Amino acid sequence: MRHHTRSIILPVHNAEPWLDECLRSVLQQDFEGTMELSVFNDASKDKSGAIIEKWRVKLEDSGVHVIIGGHDSLSPRGVGYSKNQAVAQSSGSYLCFLDSDDVMMPQRVRLQHQAAVQHPSSIVGCRVRRDPPNSTERYTRWINQLTPEQLLTQVFTANGPTVIMPTWFCSRAWFSHVGPFDEGGQGVPEDLLFFYEHLRKGGGVVRVDQSLLLYRYHPRAATHSVLETTIWTHRVRFLEEQALPRWAAFTIWNAGKQGRRLYRSLTAASQRKVVAFCDVDENKIRKGFYCHEDSQERPKPRIPILHFRAARPPFVICVKLDLTGGAFEDNLRSLHLQEGQDFLHFS
């Protein structure tokens, strides 16, 4: 066991179009300590295996130890399984996660390692550059511009982990304390579930504020196999477990579809804490209340709908940021509330 090694964890499944560039970026790291690359080939049917073998020689010649595992059964076992296998066969005291379709900047391991040493129970992420540049513009801006506080307050949003999985870097000891990844396979948001478990255990979230990864967007990415309803269910459960117990009562900001959907998804106990919906839409406010038709309670609950200025914090905000041309953010700022304490984003 070479404890002072940094292990790059690379799950691979049919990554032929991107693998050369990905592995070249491992070779180009400017980190001066020892590194190893732990690859797990999850039943690739393309030339991924041959590309890995070709790079193994180049990497080992330059002092990077390469461990290759995998299987060639008919179907892949999934990203969670592959990452767990790649971690298990590696030996470094720090883990640097990498996706086979992404490219690391030369200083990635060095800078994230420095941060991880300072923050032993944190997941360390970084800023990213998206490829193609105009894909998922709002999401990329969100990833790169969250403040250090928001890395912990915005964990309930639909965007997922506040530092994205392909940028994760952490100590092996902390990973073992939190993990492993869920191995349910396709359709399981294994990174989100790990992130939630990490937060439950009191883990921190840190971002190196340099762009250290080229983060590719393409139709074959595993992310696309996870259903929105699956993620929604996990998010509501996490909100109820981690945030709502702190509040005796709260207001849902958005009397429209998303706000009502959140209300209906809550347990009966959480629903009883909802004192109002609030909105800016005069029509909704004029209606005066939302009646929960599916409720078993008699009479059926009628939740007031107020103008946001008449509503009382704390708020769970179900408004998609950036889509109101800044008007929503201006309204929120005008109330002088503190994120995390007086409001949370669930959009």
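**Exercise 1. Is C96 buried or exposed, and what is its relative accessibility?**

Solution. The structure is a predicted model. Step 1: the relative accessibility of C96 is 1%. Step 2: a residue is called buried when its relative accessible area is under 20%. Step 3: C96 therefore counts as buried.

**Exercise 2. Determine how many disulfides the model contains, and examine C96 and C170.**

Solution. Step 1: a disulfide requires two cysteine sulfur atoms within 2.5 Å. Step 2: for C96, the closest cysteine sulfur belongs to C126 and lies 8.7 Å away, which is too far for a bond. Step 3: for C170, the nearest cysteine sulfur is that of C96, at 9.8 Å, and C170 is in no disulfide. Step 4: the count by this rule is zero disulfides. As a further detail, C170 is buried, its relative accessible area being 3%.

**Exercise 3. Describe how helix 5 is covered, and how the strands that cover it are paired.**

Solution. Step 1: helix 5 spans residues 137-145, and its buried residues are Y139, T140, W142, I143 and N144. Step 2: the elements covering these buried residues include strand 6 (122-131) and strand 8 (204-216). Step 3: strand 6 is itself mostly covered, since seven of its ten residues are buried. Step 4: strand 6 pairs with strand 8 in the parallel sense, over ten bridges. Step 5: within this pairing, G125 stands opposite R207 of strand 8.

**Exercise 4. Locate the largest nonpolar core and explain why it lies between two domains.**

Solution. Step 1: the largest nonpolar core has 89 residues, of which L37, F97 and L262 touch the most other members. Step 2: strand 8 provides the largest share of this core, with six residues. Step 3: domain 1 (6-226) and domain 2 (229-345) both contribute residues to the core, so the core lies between them. Step 4: the surroundings of L262 may now be listed. Leaving aside residues up to four places away in sequence, L262 touches W232, V236, L239, I252, V316, C318 and F346. Step 5: a second, separate core consists of ten residues, among them V319, F328, L332 and F343.

**Exercise 5. State which residues the UniProt domain annotation covers, and give the helix and strand content there.**

Solution. Step 1: an unreviewed UniProt entry carries the annotation "domain: Glycosyltransferase 2-like" for residues 7-178. Step 2: over residues 7-178, the chain is 39% helix and 23% strand. Step 3: the C-alpha atoms at the two ends of residues 7-178 are 18 Å apart.

Notes: Residues numbered from 1 in each chain as written. Predicted model: local features only at pLDDT ≥ 70, side-chain atom pairs only at ≥ 80, totals over all residues. Heavy atoms only, no water. Buried < 20%, exposed > 50% of the residue type's maximum accessible area, 1.4 Å probe, protein only. Helix = DSSP H or I, 4+ residues; strand = E, 2+ residues; numbered from the N terminus. Contact = heavy atoms within 4.5 Å. Core = buried A, V, L, I, M, F, W, Y, C linked by side-chain atoms within 4.5 Å. Domains from an automatic or database assignment. Pairing = 2+ DSSP bridges. UniProt positions renumbered as here; feature names shortened; annotations may be inferred.
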